[in-house]
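Take a walk through this fold, from its overall layout to its charged pairs. Keep the sequence and the coordinates side by side as you read.

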Amino acid sequence: MNILKLRVDASNCTWLPADKVEFIDVVDANTVDLRCLGTSDDLAYDEVAITATGQSSEVAEVIAGHIHQDATQRGGIIDVAAIAGVSSIAAISAA
């Protein structure tokens, strides 16, 4: 299983199993939202907003590729902040 490492800053990091991502939403040219079930609120999706200035479609494509790829091909852990174009990651919040 692939795991997404979502590092907000030096002291705030979330590890999200890639198979828990339900939706990848390209909000606009600068924002990608990952939505998953069940960590903050049982009745709503949890959301992680990723800022990818001018490259949101490309970042979403890379994340989707990692989610659907066999974990043995990449070592399993994907540092989302290291994807080209990602400038920041927000903390998980209830959507």
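What share of the contacts in the protein with a separation of 6 or more comes from residues 24 or more positions apart? Such residues account for 54% of those contacts. Bear in mind that this is a predicted model.

Start with the layout. The protein has one helix and eight strands. From the N terminus on, the elements run β-β-β-β-β-α-β-β-β. Five strands thus precede the helix in this order, and three follow the helix. The protein has 95 residues, and 32% of them count as buried. The accessible surface comes to about 5300 Å². Carbon and sulfur atoms hold 49% of that surface.

Now turn to the interior. The largest nonpolar core has 20 residues. Within this core, the residues with the most contacts are L4, L6, L34, I50, I63 and V80. Which elements give two or more residues to this core? They are strand 1 (3-9), strand 4 (31-37), strand 5 (45-51) and helix 1 (56-67). Helix 1 supplies the largest share of the core, four residues.

I50 gives a good view of this packing. Leave aside residues up to four places away in sequence. I50 then touches N30, T31, V32, L34, I63, V80, V86, S88 and I89. Three of these partners, L34, I63 and V80, are again among the core residues with the most contacts.

Next come the strands. Strands of a sheet pair through backbone hydrogen bonds, either parallel or antiparallel. One open sheet here has three strands in the order 2-1-6, and its pairing is mixed. Strand 2 (12-17) and strand 6 (77-79) are the edge strands, each pairing on one side only. Neighbouring strands of this sheet are turned against each other by 25 degrees on average, direction ignored. Strand 1 and strand 2 run antiparallel and are joined by six bridges. Along this pairing, L6 stands opposite T14 in strand 2. L6 also belongs to the core residues with the most contacts.

Strands 3, 4 and 5 offer further pairings. Strand 3 and strand 4 pair in the antiparallel sense over six bridges. A hairpin through two residues joins strand 3 to strand 4. V21 has C36 in strand 4 as its bridge partner. Strand 4 also pairs with strand 5, again in the antiparallel sense, over seven bridges. There, the bridge partner of R35 is E47 in strand 5.

The charged residues come last. Side chains of opposite charge can pair when their charged atoms come close. How many salt bridges does a search of the whole structure find? The search finds four.

One of them is between D79 and R7, with the closest N and O atoms 3.2 Å apart. Why does this pair tie together parts that are 72 residues apart in sequence? D79 lies in strand 6 and R7 in strand 1, so the salt bridge spans that separation. D79 counts as partly exposed, at 24% relative accessibility. R7 counts as partly exposed too, at 33% relative accessibility.

A second salt bridge links D25 and R35, where the closest N and O atoms are 3.8 Å apart. D25 lies in strand 3 (residues 21-28) and R35 in strand 4, so this pair ties together parts that are ten residues apart in sequence. D25 is partly exposed, at 31% relative accessibility. R35 is partly exposed as well, at 22%.

R35 also forms a salt bridge with D33, with the closest N and O atoms 3.5 Å apart. Is D33 buried or exposed? D33 counts as buried because its relative accessibility is 6%, and the cut-off for buried is under 20%.

Which residues do salt bridges with shared partners join into one network? They are D25, D33, R35 and E47. R35 and E47 thus appear together twice: both are members of this network, and the two are bridge partners in the pairing of strand 4 with strand 5.

How values were computed: Residues numbered from 1 in each chain as written. Predicted model: local features only at pLDDT ≥ 70, side-chain atom pairs only at ≥ 80, totals over all residues. Heavy atoms only, no water. Buried < 20%, exposed > 50% of the residue type's maximum accessible area, 1.4 Å probe, protein only. Contact = heavy atoms within 4.5 Å. Areas by Shrake-Rupley, 256 points an atom, 1.4 Å probe, with all protein chains shown as cover. Core = buried A, V, L, I, M, F, W, Y, C linked by side-chain atoms within 4.5 Å. Pairing = 2+ DSSP bridges. Axes fitted to C-alpha atoms, helices over the stretch in contact; angles between N-to-C directions. Salt bridge = Lys/Arg side-chain N within 4 Å of Asp/Glu carboxyl O.
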